[in-house]
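Subject: Handover of a structure and summary of findings

Dear colleague,

Please find below the structure that I am handing over to you. A summary of what was found in it comes directly afterwards.

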Amino acid sequence: MTSPRGLAVLAAAVAALALPAAAAAKPKVTITGDSINNYAFSPSKVKVSKGAKVRWTWDSNAPHNVTFAKLGEHSPTGASGSYSLKFKDRGTFKYHCTIHGFRGKVVVG
Ligand SMILES: [Cu+2]
């Protein structure tokens, strides 16, 4: 009963719905810089939907970590590493590297 034209409209609608979800599904943060003066999380602020997982990766010349002090969550400390955290609640979650003090935040909407 479904016409080819109906299928095309349906496919376009599904594609339109899928794109924003795919873009926001796996936000990635890296650590940039080469000295205590310019180490940084990049991007320093990410916005995600409730339930999303954020992934940090880094390969640096000094040890770093990703520490959510208030959540009691943190990555291992190392010159290279990766870390993922899933955000189940809405809110603004600040984190930092305990070695160097640079900061970032995850906003869960
Ligand atoms: Cu650091």
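The notes below go from the overall fold to the sheet, the core, a hairpin and one loop residue.

Please bear in mind that this is a predicted model.

Overall composition

The chain contains 1 helix and 9 strands. In sequence order these elements give the pattern α-β-β-β-β-β-β-β-β-β. Of the 109 residues in the chain, 15% are buried. When contacts between residues at least 6 apart in sequence are considered, 53% of them join residues at least 24 apart.

The open sheet

Four of the strands deserve a joint description. They form an open sheet of 4 strands in the order 2-1-4-7, and its pairing is mixed. Strand 2 (40-42) and strand 7 are the edge strands, each of them pairing on one side only. On average, neighbouring strands of this sheet are turned by 20° against each other, with direction ignored.

The individual pairings can be followed across the sheet. Strand 1 and strand 2 run antiparallel and are joined by 3 bridges; here Ile 31 stands opposite Phe 41 of strand 2. Strand 1 also pairs with strand 4, in the parallel sense and over 3 bridges, and Thr 30 has Thr 57 of strand 4 as its bridge partner. Strand 4 (residues 53-64) in turn pairs with strand 7 in the antiparallel sense, over 8 bridges. In that pairing, Asp 59 is found opposite Ser 80 of strand 7.

Strand 1 and the nonpolar core

Which residues of strand 1 are buried, and which are not? Val 29 and Ile 31 point to one face and are buried, whereas Lys 28, Thr 30 and Thr 32 point to the other face and are not buried. This accords with a general rule: in a regular strand, side chains alternate between the two faces of the sheet.

Both buried residues of strand 1 reappear in the largest nonpolar core, which has 13 residues; Val 29, Ile 31, Val 54, Trp 56 and Phe 87 are those with the most contacts inside it. Strand 1 (28-32) and strand 4 each supply at least two residues of this core. Strand 4 gives the most, with 3 residues.

Ile 31 also merits attention for its contacts. Apart from neighbours within four places in sequence, Ile 31 is in contact with Tyr 39, Phe 41, Trp 58, Ser 60 and His 64. Among these, Phe 41 is also the residue opposite Ile 31 in strand 2.

The hairpin of strand 8 and strand 9

Strand 8 and strand 9 (residues 103-108) pair in the antiparallel sense over 6 bridges. Within this pairing, Thr 92 stands opposite Val 107 of strand 9. The hairpin has 6 residues between its strands, and Gly 101 takes a positive phi near 90° there.

Lys 88 in its loop

Lys 88 is located in the loop between strand 7 (78-86) and strand 8 (91-96). Why does Lys 88 count as exposed? Lys 88 has 9 C-beta neighbours inside 10 Å, and a residue is classed as exposed if that number is 12 or fewer. Lys 88 nevertheless has partners elsewhere in the sequence: leaving aside neighbours within four places, Lys 88 is in contact with Lys 50 and Gly 51. In addition, the C-alpha atoms of Lys 88 and Lys 53 are separated by 9.0 Å, although these residues are 35 residues apart along the chain.

With kind regards

Definitions and conventions:
Residues are numbered from 1 along each chain as its sequence is written. This is a predicted model: local features need pLDDT of at least 70, side-chain atom pairs count only at pLDDT 80 or more; totals for chains, interfaces and linings use all residues. A residue is buried if 20 or more other C-beta atoms lie within 10 Å of its own, exposed if 12 or fewer, and partly exposed in between; C-beta atoms are placed from the backbone. Two residues are in contact if their C-beta atoms, placed from the backbone, lie within 7 Å. Two strands pair if DSSP finds at least two bridges between them. Axes are lines fitted to C-alpha atoms, for helices over the stretch in contact, and angles run from 0 to 180 degrees between N-to-C directions. A nonpolar core is a set of buried Ala, Val, Leu, Ile, Met, Phe, Trp, Tyr and Cys residues joined through C-beta atoms within 7 Å.
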